[in-house]
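Visitor: I would like a close look at a single part of this structure, followed outward from one residue to what lies around it. Please take me through it slowly.

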Amino acid sequence: MRRASRSTWDSLAVPRRCVCGNPIRLNDLLSSSFSTSSSSSSSSSSPLSPSVSSSTASRSSSIPTFRPLSSAPSSKSRTSRPFSTTSSLAVIPTLLPTQSAKLAALHGRLNLPNGYPLTTLGRALIDPTAEPEHHLNNDGLSNLGNVLLGYYASEYLMVQYPRLPYEILKTAMDGYIGPKALSAVGTGWGVEAAFAPGQTVDPGLLQFNRVAPGTPLYKVQGGVGFNIPRKRNRMVPNFENNPSVDQQLAAETPEMKAAREAQRPGQDATTLQLAMASFVRAAIAGVYLHSGGLPSTKEFVYAHVLSRKLDIDKLFQFEQPTRELSRLCVREGFQQPIARLEKETGRYSRHAVFIVGVYSGEEKLGEGQGSSLPEAKIKAAISALKGWYLYSPVSGADLPSKTDGNPGLSYTPAVIDVGDIVS
Amino acid sequence: MVVRGLQAVSKAQNGVGAFVLQCKRLEFNYCEMSGSSRGMKAFLKTRLATFAKENPGVEIVVSPRPKKHPIIRGSYINKREKVVCVRNLEVLQVLQKAELLRDASGDKIKKINKPVQSLNDSVRGIWSPYHAKGEDVYKV
């Protein structure tokens with residue numbers, strides 16, 4: 001999928017060839033009225049090429065193979081995809097989720113229990129932008145998964161680091177369960193995306209409607225990107241040579257504009273990252289629904305999401321650390337912090353090194369090293385503040401979710417801190 | 001006087017928590033006619049079903065590749081592929097090659113010189129001449 005956007009673009013202008021040799025257009029793929037002429041393309045069933053989906057065959061005995069509602073194909077296009085096989089026309093056979101080797105392999109790779117049906121996993125792979133029917137896409141599952149992920153990630157962080165400031169807590173949550181992180185989880189599971197949603201797509205592929213090339217990223221729902229118009233005096237300067245979004249839009253050709261508008265920008269298209277993240281959320285909701293409720297969901301979330309590496313101490317950015325430390329000492333009733341020079345070398349040389357410790361009375365709060373006295377002092381204050389904020393109880397308080405499966409268990413509540421330092 | 005958060009994304013540590021097999025797909029190609037595919041065809045008939053059952057996380061694909069030597073092609077999560085030619089190999093040798101591809105990470109072969117590779121900082125810390133005392137100051 002490295003060059004997906006480019007090839008999406010190509011397909012809009014240039015007719016491509018179907019597997020059977022018939023020229024097709026992207027719009028044909030998207031509409032349900034696929035002609036019968038391409039029925040011969042079920043290439044995998046010829047005797048010489050037994051495309052063995054044996055991982056499916058081996059598992060299908062233990063997995064219930066029910067098919068959710070292949071009800072009458074209604075007037076709305078793509079309603080019955082991807083589960084319909086009841087059509088009397090000899091259209092290209094759509095694979096059932098239980099017949100897809102890719103889907104069964106994903107199920108096996110994630111070590112999901114047998115109670116987790118392939119149909120649910122298949123449904124989790126269908127984004128609302130590919131299938132507007134609510135009962136066929138992953139919208140509901142994804143919302144449920146989002147709630148579960150938020151629950152486990154927030155309780156983990158709050159119990160582990162009770163003094164974390166709210167801003168850092170939000171950033172850490174984003175680092176664990178934000179779209180970027182979840183998309184990386186999904187990619188790490190080996191999930192691939194389909195070129196475009198359609199009836200012929202293997203149910204083991206992620207299906208979503210791609211954002212047309214040239215669409216400004218800030219127009220994508222929930223999306224962020226480098227071409228968001230920036231305000232002045234923000235951290236990233238707005239260089240004069242940096243073409244603004246308006247200039248980019250003004251430079252597009254009429255064909256590009258038509259293609260962009262034909263692909264229904266906004267809610268009806270999404271990026272790979274957002275679609276992948278919503279798949280991961282939906283897959284987690286499936287664990288909750290099908291394999292034992294909260295305790296097994298917790299295990300799954302810890303195994304796949306919270307076991308990833310995130311350095312909380314690298315998320316801090318202080319504005320005035322020395323002042324903040326001083327306010328902290330006032331609030332907590334400590335003596336006022338004093339910075340003392342502990343060691344120095346080469347003061348008049350090109351590479352001076354100063355070691356400064358910050359003390360409250362006899363207690364040393366933090367230490368910093370810098371090539372100038374102010375730098376070392378500021379670093380010492382930052383180290384002291386991080387020592388305060390990143391406090392973690394040694395004896396280890398219990399997570400609130402400990403009693404989810406068994407309310408009778410003994411429970412040690414977590415430390416509740418008074419909150420951020422405010423001046 | 002505010003603390004701001006710097007955006008960061010958690011990094012994967014496969015095996016810490018869950019382990020995800022990196023080989024996601026194995027494709028077995030054979031030729032109906034040529035003799036170099038004899039062992040491969042026997043493998044497909046006798047061993048492949050068991051192999052697939054033992055490895056539910058790997059998608060297995062079998063397809064002919066006429067007038068060519070038989071190969072096994074592994075696709076990996078890191079979007080790389082590894083291909084092994086199994087011409088004239090016996091059944092068990094083909095099985096060994098399939099297992100080799102299944103267990104591979106998909107990365108390029110590289111020499112690992114350090115005994116430990118870790119995302120974590122050193123527990124002991126880095127030696128600093130400004131904190132050492134006595135004779136240790138001169139032991140760099």
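Guide: Two residues are taken to be in contact, or to touch, if their C-beta atoms, placed from the backbone, lie within 7 Å. The model is a predicted one, and the part to begin with is A:Ala339, which is found in strand 4 of chain A. Leaving aside residues up to four places away in sequence, A:Ala339 touches A:Val356, A:Val358, A:Lys377 and A:Ala380. One of these partners, A:Val358, is 19 residues away from A:Ala339 in sequence, yet the two are 4.2 Å apart in space, C-alpha to C-alpha. A:Ala339 counts as buried because 22 other C-beta atoms lie within 10 Å of its own, where the cut-off for a buried residue is 20 or more.

The surroundings of this residue come next. Strand 4 of chain A belongs to an open sheet of three strands, in the order 4-5-6, whose pairing is antiparallel. Strand 4 (337–345) and strand 6 (363–370) of chain A are the edge strands, each of them pairing on one side only, and from one strand to the next the twist averages 20°. Strand 4 of chain A is joined to strand 5 (residues 353–360) of chain A by eight bridges, the two running antiparallel, and A:Arg340 stands opposite A:Gly357 in strand 5 of chain A. Helix 14 (residues 373–389) of chain A packs on the sheet, where it touches strand 4, strand 5 and strand 6 of chain A, and its direction makes about 135° with that of strand 6 of chain A.

From the sheet one can turn to the meeting of the two chains, in which 47 residues of chain A are in contact with 36 residues of chain B. On the chain B side, strand 1 (3–5), helix 2 (48–54) and strand 3 (59–64) each supply at least two of the residues that touch chain A, and strand 3 of chain B gives the largest share, six residues. Sorted by class, this side of chain B has 23 nonpolar, seven polar and six charged residues. Strand pairing also crosses between the chains: strand 3 (residues 316–318) of chain A and strand 1 of chain B pair in the antiparallel sense over three bridges, with A:Gln317 standing opposite B:Arg4 in strand 1 of chain B.

Chain B itself has three helices and five strands, and from the N terminus on its elements run β-β-α-α-β-β-β-α. Within chain B, helix 1 (residues 38–46) and helix 3 (residues 91–103) pack at an angle of about 75°, with their axes 8 Å apart, which means that helix 1 of chain B is roughly perpendicular to helix 3 of chain B. In this packing B:Gly39, B:Met40, B:Ala42, B:Phe43 and B:Thr46 of helix 1 meet B:Val91, B:Gln93, B:Val94 and B:Leu95 of helix 3, and by class the contact has six nonpolar, three polar and no charged residues.

Taken as a whole, chain B has a radius of gyration of 24 Å, whereas a compact globule of 140 residues would have one near 14 Å, and its C-alpha trace spans about 80 × 45 × 25 Å along its principal axes. Of the 140 residues in chain B, 26% are buried, and among its contacts between residues at least 6 apart in sequence, 72% join residues at least 24 apart.

Conventions:
Residues are numbered from 1 along each chain as its sequence is written. Chains are lettered from A and ligands numbered from 1 in the order in which they are written. This is a predicted model: local features need pLDDT of at least 70, side-chain atom pairs count only at pLDDT 80 or more; totals for chains, interfaces and linings use all residues. Helices (H or I, at least four residues) and strands (E, at least two) are DSSP runs, numbered from the N terminus. Ala, Val, Leu, Ile, Met, Phe, Trp, Tyr, Cys and Pro count as nonpolar, Asp, Glu, Lys and Arg as charged, and the others, Gly among them, as polar. Two strands pair if DSSP finds at least two bridges between them. Axes are lines fitted to C-alpha atoms, for helices over the stretch in contact, and angles run from 0 to 180 degrees between N-to-C directions. Angles under 35 degrees count as roughly parallel, over 145 as roughly antiparallel, 65 to 115 as roughly perpendicular and the rest as oblique. A residue is buried if 20 or more other C-beta atoms lie within 10 Å of its own, exposed if 12 or fewer, and partly exposed in between; C-beta atoms are placed from the backbone. The radius of gyration is taken over C-alpha atoms; the globule rule is 2.2 Å times the number of residues to the power 0.38.
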